[in-house]
Structures are given as structure tokens and as C-alpha cells.
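Please find below my comments on the coordinates under review. They are set out as numbered points.

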Amino acid sequence: MDVTEVEEARARLRVLDAVREHVGQTLDVIATCEELAGVLVTAFADVAVV
């Protein structure tokens, strides 16, 4: 049984859960962008600049 699609879906959900948990604590645009970059860098990149 090929579980590639299931694992990819789980990985996307883990990223979305992390974004929901850590992003949007304030209405400050810069802070929100920094929070988003902090969450997404761990999943997709090595470095992000805001």
C-alpha cells in the first residue's frame, strides 16, 4: 500500500496546526510576519527575512 499521499497530507496538517497555534497573537503586522516566518522556516526553508 502506498501511503505517500497520506503522509503528505499529514505533513500539511502539521504545518497548518503550527501556524494556527503560533501566528496571529497580535494585530501588529511585523510581529505576525515574523511569527509566520518562524513557523514556516522550520518546515520549508533554512532562512527567512521579514
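1. Thr 26 sits in the loop that joins α1 (4–22) to α2 (29–44). The model is predicted, and the remarks here should be read accordingly. With a relative accessibility of 37%, Thr 26 is classed as partly exposed, because the exposed class requires over 50% and the buried class under 20%. Leaving aside residues up to four places away in sequence, Thr 26 is in contact with Ala 31 and Thr 32.

2. How many salt bridges does a search of the whole structure find? The search returns two, and each is taken in turn below.

3. One salt bridge pairs Glu 7 with Arg 10, with 3.1 Å between the closest N and O atoms. Both Glu 7 and Arg 10 belong to helix α1, where a spacing of three residues corresponds to about one turn of the helix. Glu 7 has a relative accessibility of 38% and is therefore partly exposed; Arg 10, at 46%, is likewise partly exposed.

4. A salt bridge also links the side chains of Asp 17 and Arg 20, at an N to O distance of 3.1 Å. Asp 17 and Arg 20 are again residues of helix α1, three positions apart, or about one turn of the helix.

5. Are Asp 17 and Arg 20 exposed or partly exposed? Arg 20 counts as exposed because its relative accessibility is 57%, and the cut-off for that class is over 50%. Asp 17, with a relative accessible area of 40%, is partly exposed.

Terms used. Residues are numbered from 1 along each chain as its sequence is written. This is a predicted model: local features need pLDDT of at least 70, side-chain atom pairs count only at pLDDT 80 or more; totals for chains, interfaces and linings use all residues. Side-chain values use heavy atoms; hydrogens and water are left out. Helices (H or I, at least four residues) and strands (E, at least two) are DSSP runs, numbered from the N terminus. Buried means under 20% relative accessible area, exposed over 50%, partly exposed in between (1.4 Å probe, protein chains only). Contact means heavy atoms within 4.5 Å. A salt bridge is a side-chain nitrogen of Lys or Arg within 4 Å of a carboxyl oxygen of Asp or Glu.
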